[in-house]
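Work through the exercises below with the model open. Try each task before reading its solution.

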Amino acid sequence: MKIQKIFHYAYIIFAVLFVYDAISKWSDNRNGAYMSLVFAALATFMFFFRKRFSKKFEDRNNQ
């Protein structure tokens, strides 16, 4: 279970990296920057989705 929590925060780290990549590409390549922003949004969504799903799974096991 502990390793699963580490992967939750890895999604946030990837989201930050993709936002940084988008900012660095913004003036040169807008299409690449938009793609990085899409990946950042996807990583953020996955963080909250996986966190919620694992909480439901833990609650079910505790009953």
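**Exercise 1. Surface and charge.** State how much area the protein chain exposes and which atoms supply 67% of it.

Solution. The exposed area is about 5400 Å². Carbon and sulfur atoms supply 67% of that area. Areas come from the Shrake-Rupley method with a 1.4 Å probe. This is a predicted model: local features need pLDDT of at least 70, side-chain atom pairs count only at pLDDT 80 or more, and totals for chains, interfaces and linings use all residues. Residues are numbered from 1 along each chain as its sequence is written, and side-chain values use heavy atoms, with hydrogens and water left out.

**Exercise 2. Overall form.** Decide whether the protein chain is a compact globule or more spread out than one.

Solution. Start with the secondary structure: 2 helices and 0 strands. Helices (H or I, at least four residues) and strands (E, at least two) are DSSP runs, numbered from the N terminus. Next, take the radius of gyration, computed over C-alpha atoms. It is 15 Å, well over the 11 Å that the globule rule gives for 63 residues, so the chain is more spread out than a compact globule. That rule is 2.2 Å times the number of residues to the power 0.38. Then check the box: the C-alpha atoms fill roughly 55 × 15 × 10 Å along the principal axes. Finally, 17% of the 63 residues count as buried.

**Exercise 3. One histidine.** Place His 8 in its helix and list its contacts beyond four places in sequence.

Solution. His 8 sits in helix α1, which covers residues 2-25. Its relative accessibility is 6%, so His 8 counts as buried. The classes are buried (under 20% relative accessible area), exposed (over 50%) and partly exposed in between, with a 1.4 Å probe and protein chains only. Leaving aside neighbours within four places, His 8 touches Phe 47, Arg 50, Lys 51 and Ser 54. Contact means heavy atoms within 4.5 Å.

**Exercise 4. Aromatic pairs.** Classify the ring pairs Trp 26–Tyr 34 and Phe 47–Phe 48.

Solution. The whole structure holds 6 aromatic pairs. For Trp 26 and Tyr 34, the centres are 5.4 Å apart and the planes stand at 85°, so the pair is edge-to-face. Rings of Phe, Tyr and Trp (its six-membered ring) pair if their centres lie within 6.5 Å; planes under 30 degrees apart are stacked, over 60 edge-to-face, the rest tilted. Trp 26 is partly exposed at 32%, and Tyr 34 is partly exposed at 42%. For Phe 47 and Phe 48, the values are 4.9 Å and 70°, so this pair is edge-to-face. Phe 47 is buried at 6%. Tyr 9, Phe 47 and Phe 48 form one aromatic cluster.
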